[in-house]
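Dear colleague,

I am passing on the structure we spoke of, and below it I have written out what was found, going from one region to the next. Please read it with the model open beside you.

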Amino acid sequence: MGFNRKDLLGIRDLEAAEIEYLLDLSRSFKEINERSIKKVPTLRGKTIIHLFYEPSTRTRTSFDIAAKRLSADTYSISASTSSIVKGETALDTLKNLEAMRPDVFVIRHSASGAPQMLAGRTTASVINAGDGMHEHPSQALLDMLTILDNKGRLDGLNVVIVGDIYHSRVARSNIWGLTKMGSTVVVCGPATLIPPNIDAMGVKVTNHLEQCIPDADVIMVLRLQKERQQQMLLPSVREYATLYGINGQRLKEARKDVLIMHPGPMNRGVEISPEVADGPYSVILEQVTNGVAVRMALLYLLAQR
Ligand code: CP
C-alpha cells in the first residue's frame, strides 16, 4: 500500500500500512540530509506555501528546509505580517494564494479543524502542520521514525506520554499512530489535563507517574502549554513540576534503555529537567533531525500528485 491521498490532515484516518509506507519513505530521505550538497532536483518547478497562524520554530523551518532540499520554491506567510491582521479570513487568504497556483499548502492554525476546512476548498494539497488541540501528523511521524531508529520496532513497545494531554495535538496524533502500529500507550498527568473518555482512543490512563516509569520503553514528555491554561487547570506550575516533571531522580526507576522524547519547545525545569533533556537517554535532537526527512517524504508525495 502506498499513500494516494490529496492531503495529510491527521494520523487518525490513516491505515497502519500507510504509516509504515510513510516511515519507510522518510528513512530513504535521511541520507540526502547527511550529504555535503543537500539538494536534489525532485520538486523543481513546484511551489510550497507555508501558511502559519501560530508561532513555530521546528515545524516551519523543517518543512522549509525539506522543500528547499527537494528544489521546490517556498513562500512563508505569517499571520502577524500579512493581510490576516487586516481581518482577511483564512478562506479568503487561501483562495488568493491558490490563485497564484501553489502545489502544496502547509498550514498551522490555532483552530482545530482549520486545515481540514481549507483542504476541502482548494485543489492544492494541504498538510496539517498542527491545528489547535486536534492533530500534528508530521510530528507523530517523526516521533515514530525516531522510536523505530532506536528500538527497531513499534509493535509491543510501552510508550508513556506525560503531561498536558488535554491541550496536546502531538499526544493525539501519537496516540492514533502508535496504537495502530501495535504499541501500548499510557497517558499520565493531572486529572485536569487528561481529557475525559480518552481511554476510548485505546490508551491506559494514570495520574501516578511512579507507576508508569519502570515499564516504559519510551517516555514522551509534553510541554506544559502555559498559553492555553486560562481555565486554571493547575494549582501552580511548581506543583506540576514536582509531581510530573521528568528529572534524573525519577529516571533512576526507569529501564536502562529508556528513550526520552519531547516535541519542543521545552520548558526546562518544568516538565523536564536540563540533565534529562541533555542526558544520555534523550533523543530530542534526533527527533528534530528526523523531522526534515519525514517532511521531505510528505512533500515528495503530495507535490507530485
Ligand atoms: N514540535 C513543534 O511543533 O514545534 P514548533 O511549535 O516549534 O513547530
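To begin with a single residue, is Cys 188 buried or exposed? Cys 188 is buried, and its relative accessible area is 0%. Please keep in mind throughout that this is a predicted model.

The cysteines deserve a further word. Cys 212 also counts as buried, at 6% relative accessibility, and the closest cysteine sulfur to that of Cys 188 is the one in Cys 212, at 3.9 Å. Why is there no bond between them? A disulfide requires the two sulfur atoms to be within 2.5 Å, and 3.9 Å is therefore too far for a bond. A search of the whole structure accordingly reports zero disulfides.

As for the chain as a whole, it contains eleven helices and nine strands. Its radius of gyration is 19 Å, close to the 19 Å that the globule rule gives for 305 residues, so the chain is as compact as a globular protein of that length. The C-alpha trace spans about 55 × 40 × 35 Å along its principal axes, and 58% of the 305 residues count as buried. Among contacts between residues at least 6 apart in sequence, 73% join residues that are at least 24 apart.

In soluble globular proteins, nonpolar side chains tend to be buried together. Here the largest nonpolar core has 63 residues, of which Val 106, Leu 141, Met 144, Ile 161, Val 187 and Leu 299 touch the most other members. Helix α11, residues 284–303, gives the most to this core, with ten residues. Apart from it lies another core, of 26 residues, which includes Leu 193, Tyr 240, Ile 246 and Ala 254. If you would like one residue of the largest core to look at, Val 187 has among its contacts Ile 161, Ile 165, Ile 175, Ile 194 and Thr 206, leaving aside residues up to four places away in sequence.

Helix α6, which covers residues 169–180, may be a useful next stop. Its twelve residues reach 17 Å from the first C-alpha to the last, close to the 16 Å expected at 1.5 Å a residue. Ten of the twelve are buried, so α6 is largely enclosed by the rest of the structure; the buried residues include Arg 169, Arg 172, Asn 174 and Trp 176. At the start of the helix, a side-chain oxygen of Ser 168 comes to within 3.3 Å of the backbone nitrogen of Val 170, while after α6 there follows Gly 182, with a positive phi near 95°.

Two loop residues complete the account. Asn 33 sits in the loop between α1 (16–30) and β1 (47–52), and with a relative accessibility of 10% Asn 33 counts as buried. Its side chain makes a polar contact, at 2.9 Å, with the side chain of Arg 69, and, not counting residues up to four places away in sequence, Asn 33 touches Lys 38, Arg 69, Val 292, Ala 293 and Met 296. Asp 278, in the loop between α10 (274–277) and α11, counts as exposed at 54% relative accessibility. The C-alpha atom of Asp 278 is separated by 35 Å from that of Gly 113, and the two residues are 165 residues apart along the chain.

With best wishes

Conventions:
Residues numbered from 1 in each chain as written. Predicted model: local features only at pLDDT ≥ 70, side-chain atom pairs only at ≥ 80, totals over all residues. Heavy atoms only, no water. Helix = DSSP H or I, 4+ residues; strand = E, 2+ residues; numbered from the N terminus. Buried < 20%, exposed > 50% of the residue type's maximum accessible area, 1.4 Å probe, protein only. Polar contact = N/O pair within 3.5 Å; in protein donor to acceptor, adjacent residues only side chain to side chain. Contact = heavy atoms within 4.5 Å. Expected span 1.5 Å × (residues − 1). Core = buried A, V, L, I, M, F, W, Y, C linked by side-chain atoms within 4.5 Å. Rg over C-alpha atoms; globule rule 2.2 N^0.38 Å.
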